[in-house]
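Reader: Please take a close look at one part of this chain and walk me through what is there. I would like one connected account.

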Amino acid sequence: GSISFAANSFIVNTTASESFIYIDYANGPASRSITQTISGFWTFTNNVSASKNIELTGSGAFASSSLFYAQPGTAASPSFAFGNDQDSGMFRSALNQLGFSTLGLERMTINSNGNVGIGTTNPLTKIDIRGTASASLFQGPLGSATLPTFTFSNDTNTGIFSPTADQLAITTGGSQRFLITTTGASSSVNF
């Protein structure tokens, strides 16, 4: 391979206090077509592009005072992945949509409406979980007979709600059918 630069466009500084490579692209193109590991501090005064991979290693941070662009990626090869786990990360699964993958499979989606899907790539509500889910606590509004707190996707006026504190009710078709209070239970349905 070869490397060539105009005069004063490529500077290597190895003083006792610092070590860095400076490339000035402002005065003409410069290119490298070989694989090389370089440590130290690099400064680029204009755009930098790579046709393959750029790998940053070490315990330091990567920062940009401008924008950072990446290819869309896929679930199997996400745009933002990890060096030792390259099939887990974040990618653009569709226009204006983010996907998150593990083991090369899309596990979570945030769509253009801001809906989050787990187990689905087409979330229909703010949080759309397909499959079994668990929580240590769920809090919702008290609800009503016509709009119960716990309901079903295709039958929103049937479910469970709390008419007031310390009461639990079951509703079907928008009408309260069963009520449990601290003193007992009552029903509008004959048993």
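**A nonpolar patch and a nearby loop in sequence**Author: Phe138, Phe150, Ile160, Leu168, Ile170 and Ile180 make a nonpolar surface patch of about 540 Å². The model is a predicted one. One member of the patch, Leu168, has its place in strand E12. Leu168 has a relative accessible area of 42%, so this residue counts as partly exposed, since that class runs from 20% to 50%.

Strand E12 covers residues 168–172, and strand E11 covers 155–161; the loop between these two strands holds Ser162. Is Ser162 buried or exposed? Its relative accessibility is 16%, so Ser162 counts as buried; the cut-off for that class is under 20%.

What does the side chain of Ser162 reach? It reaches the backbone oxygen of Gln167, at 2.7 Å. Gln167 also appears among the contacts of Ser162 when neighbours within four places in sequence are left aside, together with Leu142 and Gly143.

As for the chain as a whole, it has 14 strands and zero helices, so the pattern read along the sequence is β repeated from start to end. Of its 191 residues, 18% count as buried, and Ser162 is one of the buried residues. The accessible surface of the chain comes to about 14,500 Å², with 54% of it belonging to carbon and sulfur atoms. Among contacts between residues at least 6 apart in sequence, 7% join residues at least 24 apart.

Terms used:
Residues are numbered from 1 along each chain as its sequence is written. This is a predicted model: local features need pLDDT of at least 70, side-chain atom pairs count only at pLDDT 80 or more; totals for chains, interfaces and linings use all residues. Side-chain values use heavy atoms; hydrogens and water are left out. Helices (H or I, at least four residues) and strands (E, at least two) are DSSP runs, numbered from the N terminus. Buried means under 20% relative accessible area, exposed over 50%, partly exposed in between (1.4 Å probe, protein chains only). Contact means heavy atoms within 4.5 Å. Accessible areas come from the Shrake-Rupley method with a 1.4 Å probe; for residues, only the protein chains shown count as cover. A polar contact is a pair of N or O atoms within 3.5 Å; within protein, one must be able to donate a hydrogen and the other to accept it, and residues adjacent in sequence count only if both atoms are side-chain atoms. Patches are made of residues with over 30% relative accessible area and no salt bridge: like charges are joined within 9 Å, nonpolar side chains (Val, Leu, Ile, Met, Phe, Trp, Tyr) within 5 Å. A salt bridge is a side-chain nitrogen of Lys or Arg within 4 Å of a carboxyl oxygen of Asp or Glu.
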